[in-house]
Amino acid sequence: MGSEVRMQVCSCLRTLSSSRDSGEIVHALRTLTRYLEDDEFTRLHYTRALQVLVSAQSSHWFNRSRGDDDEEEIKKLWDEIFLRGPPDQTLLLLLDTISSTGACAGLERCVSVLEKFLSTGRLQVLLWSRCEGGGSYADTPQLREIIIGHLAALPSITSNHLHTNTPDAFLPQQYYSLLAASILDTLEKTCHALRAGRDCSLGFVAQVLGKVCIQGYSSQIFEILAPRLSSLTRVDPLWQRVTQRLLENVPERCTECVITGLIRCLSGATAASRLMGNLVLTNKKAQFVLTHKLLLQQYQHPTRLVKSVLGYLALDPERRMLLKQVLRSVCQVWCNSSAVKHTSVEQQLYVSKALLLCVALLTDSEIQELRQEMLQCMLGGVQCRLDSNIVRIRRMGMAVGECLSHKLDTPGSQLKFQYEPDEEIRELKALMESPSVADDDDDEEHQPDASSSLQPEPKVQGSAGRSVTSEPGRGSDSELDSDDDLTPYDMSADQEKKESSPPRYVRDCLEALMSSDDADRVELSLQVSDSLLRKNVKATQEVSVQFSKVLLHLEDRFNTPRFHSLRQNAMVALTVTDIKPVVDYWTTEFYSLNYNLRQRLDILEVLALSAQELSEPIRNKHTGAQPITAATAIERCDDITHWRQIVEKRIQSKTRRISKGATQPVKAVPNCYAPVAGFFFFPLLRNYDRSQVTFDLLGSDHLVLGRLLHTLGLLMHLAINAPVASQMGRALLDFVWVVRFHTDQMVRRGVMFAVCAVFLSMPSENLLTELGDDLMETRAWIADVAENDCDADCRSLAVQSLILLDKNLKSQLQIPDTET
């Protein structure tokens with residue numbers, strides 16, 4: 001029987017290879033079609049038959065003029081042989097032919113039959129053929145890997161050759177949706193077979209799933225698989241067993257991609273528990289991914305994924321030991337001061353969420369068991385975050401500290417900080433307030449207890465001063481008040497009458513701030529001090545240094561409204577009115593003993609605002625005791641956003657874009673800052689490396705160091721076109737070179753901000769001369785910061801510095817045109 005089949009097949013293939021007679025071709029195709037049910041033919045001769053069909057039709061089939069009936073029958077039989085035979089051999093041959101054939105009629109036929117292969121359910125047949133019978137399919141591991149690779153990469157294989165002519169059925173979104181539906185169909189058939197007592201194997205399907213996910217298409221697959229599996233496993237234990245076995249058979253190298261893609265598309269922890277079972281206990285790679293990598297090494301995932309992972313660990317008694325292990329690991333990371341300095345704010349926020357969600361899932365007994373670790377985490381983590389220069393990190397530490405303290409301590413000893421909560425802080429606190437992080441959206445909703453929903457009835461004050469409770473069916477309290485029919489006076493424009501009057505002379509204002517115990521008088525003096533100092537220039541210059549000393553040491557004893565803003569405005573007015581003496585006082589006192597950090601920061605901010613005001617163009621040339629008007633009103637702020645905006649605009653103006661054409665350089669105009677820029681700048685650099693009793697700039701006081709760098713950068717930028725700009729740039733580059741590898745993010749931001757200012761403001765020829773032999777080392781350092789720094793602002797500033805440096809290099813190395 002075997003030799004007869006072989007002889008018949010060989011005869012048909014010779015006919016198909018050489019004959020051009022329609023009748024002979026039809027007869028040969030019919031003969032091959034009859035053998036499609038023969039095991040020997042499909043096992044030994046089918047691939048060779050497909051190769052002959054592809055080769056023959058590409059040379060002369062469908063290109064000759066023949067009867068319409070014969071041509072239609074040839075097409076029908078040709079397609080039938082491809083679509084009824086073993087699907088794995090068909091898929092391999094079609095994809096290999098498409099990837100190796102040029103544009104011709106044969107290529108079009110192969111693309112057409114591959115579309116039919118997908119649309120007629122041959123993928124399901126292929127997957128099921130490898131599952132039924134316990135997976136005892138006779139093929140080599142190499143062939144199995146090739147089939148899996150072609151299944152997973154079909155869109156890439158076809159689009160790489162077909163380009164814009166790729167059919168929609170081969171595009172990733174449609175193909176992987178079809179593959180997901182085929183996997184679901186195979187799992188359903190597996191459940192039916194198991195109920196019937198037949199063996200099945202999910203190894204091949206698991207390998208296909210892992211291959212697709214590791215190539216980056218997990219979202220397309222699990223958008224179809226996850227919701228359907230979640231629904232089926234809710235009511236059928238057999239579906240749970242089948243799904244868990246599928247995930248167990250995923251290759252180890254693909255475990256992370258599969259688990260991450262699955263959890264992302266599930267509605268919550270309960271669904272994850274049904275689908276994965278105790279996979280985290282039996283699979284070491286899954287355990288590493290779920291308990292370490294998703295929580296501590298990655299931070300791009302949404303909060304919902306963290307909830308699902310931790311809720312999954314908390315739902316089973318055997319897995320809760322891993323939840324406690326995760327809490328210990330997260331605590332170690334959260335209280336690590338090195339991690340606070342060298343990781344981005346986003347990653348710290350992610351770890352903070354994981355910490356709070358872990359604590360929210362613990363029972364009272366587990367909290368007592370882990371109390372010591374949590375207490376050390378709270379104290380160490382809060383302290384190292386309070387030492388940070390970044391406001392978001394400080395607020396984060398305060399919020400998490402309050403939440404942990406609420407779980408650990410008695411009501412009388414809980415931590416309480418004063419800060420302005422934002423959306424980020426509210427989200428963190430909400431993680432602790434949720435009753436159960438493991439609830440699913442698709443599970444039955446928990447009805448709140450009736451007693452907890454009762455609210456105390458609102459009480460209003462009656463006309464006789466008694467407390468009156470509003471009750472349904474009774475009139476409102478307005479009906480009980482007999483005076484409500486009287487028309488009230490309009491008092492919206494009224495102002496509180498103050499006993500004191502504002503001072504009219506500079507010395508009176510100074511005296512009031514020095515010795516007065518009258519809160520109203522102090523407030524009035526602060527309110528008028530700005531305008532008073534600017535209008536009376538000569539009187540201000542007589543007491544400018546004394547007035548500056550009073551303002552620097554002035555405290556808000558009476559809780560004066562807008563105290564800090566009014567005080568700062570007065571300090572700026574003094575500086576711009578009597579520049580040299582006052583600036584010399586500020587820069588001297590900055591490094592003096594017995595000042596707190598707030599006072600030193602105030603000095604830096606006043607110097608920056610004063611320099612900015614003086615750098616405005618001179619409007620007139622009149623001299624004498626003329627009033628000085630503030631050029632720009634700047635609100636007091638804790639960050640350097642305003643300064644950064646100034647430099648950003650300047651960088652944009654110096655960046656050449658093809659669409660806009662070349663921008664004109666900014667014209668140099670006279671201003672009051674250029675002649676005195678050195679008075680502002682150089683004294684701030686003279687004692688930075690000297691450690692004082694109460695002040696260590698290069699040590700623990702990195703908050704002041706970061707602000708000093710930003711201030712020096714701004715002073716440098718404002719000195720553009722000034723004669724002293726080159727000397728300032730040289731000194732500033734020497735300074736930043738000392739602290740360029742500082743561990744604090746705020747300091748590194750200040751370094752890159754200062755470098756930007758130097759590259760922006762220093763003349764190109766002088767810049768390149770000053771850098772000299774260090775040019776390549778400087779550029780390599782900035783490039784390393786742009787690529788590897790953990791802080792996004794540092795990376796952004798480093799990129800801007802590279803742009804400015806390259807622009808300066810090009811402008812200096814350009815060969816001028818020679819006249820002919």
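Colleague: Which residues form one aromatic cluster with Y35?
Modeller: Bear in mind that this is a predicted model, where local features need pLDDT of at least 70, side-chain atom pairs count only at pLDDT 80 or more, and totals for chains, interfaces and linings use all residues. Numbering starts from 1 along each chain as its sequence is written, and side-chain values use heavy atoms, leaving out hydrogens and water. Rings of Phe, Tyr and Trp (its six-membered ring) pair if their centres lie within 6.5 Å, and planes under 30 degrees apart are stacked, over 60 edge-to-face, the rest tilted. Y35's partners in the cluster are F41 and Y46.

Colleague: What kind of pair do the rings of F41 and Y46 make?
Modeller: There are 10 aromatic pairs in the structure. For F41 and Y46, the ring centres sit 6.2 Å apart and the planes meet at 80°, so the pair is edge-to-face.

Colleague: Is F41 buried or exposed?
Modeller: Buried means under 20% relative accessible area, exposed over 50%, and partly exposed in between (1.4 Å probe, protein chains only). Y46 comes out at 0%, so that ring's residue is buried. With 0% as well, F41 is buried.

Colleague: And how far apart are the ring centres of Y175 and Y176?
Modeller: Y175 has a relative accessible area of 0%, so it's buried, and Y176 is buried at 0% too. Their planes stand at 70°, so this pair is edge-to-face, and the centres are apart by 5.2 Å.

Colleague: Which residue lies over the face of W737?
Modeller: A charge sits over a ring if NZ of Lys or CZ of Arg is within 6 Å of the ring centre and within 35 degrees of the ring normal. One such case is R130, over the face of F204 at 5.2 Å from the ring centre. For W737, at 3.8 Å from the ring centre, the residue is R740.

Colleague: What distance separates the end C-alpha atoms of α8?
Modeller: Helices (H or I, at least four residues) and strands (E, at least two) are DSSP runs, numbered from the N terminus. The expected span of a helix is 1.5 Å times one less than its number of residues. Helix α8 (residues 141–152) has 12 residues and should therefore span 16 Å, which agrees with an end-to-end C-alpha distance of 16 Å.

Colleague: What covers the buried residues of α8?
Modeller: The buried residues of α8 are R144, I147, I148, G149, H150, L151 and A152. Using contact (heavy atoms within 4.5 Å), their cover includes α5 (87–100), α7 (122–129), α9 (154–162), α10 (172–195) and α11 (203–233).

Colleague: How far is K535 from T577 in space?
Modeller: K535 belongs to helix α26 (residues 519–535), and at 58% relative accessibility it counts as exposed. In sequence, K535 and T577 are 42 residues apart, but C-alpha to C-alpha the distance is 9.5 Å.

Colleague: Which cysteine has the sulfur closest to that of C265?
Modeller: A disulfide is a pair of cysteine sulfur atoms within 2.5 Å, and a search of the whole structure turns up zero of them. C265 is partly exposed, with 26% relative accessible area. Its sulfur is too far for a bond, at 9.5 Å from the closest cysteine sulfur, the one in C213.

Colleague: What share of the 820 residues counts as buried?
Modeller: The protein's secondary structure is 38 helices and two strands. Among contacts with a separation of 6 or more, residues 24 or more positions apart account for 75%. Of the 820 residues, the buried share is 49%.
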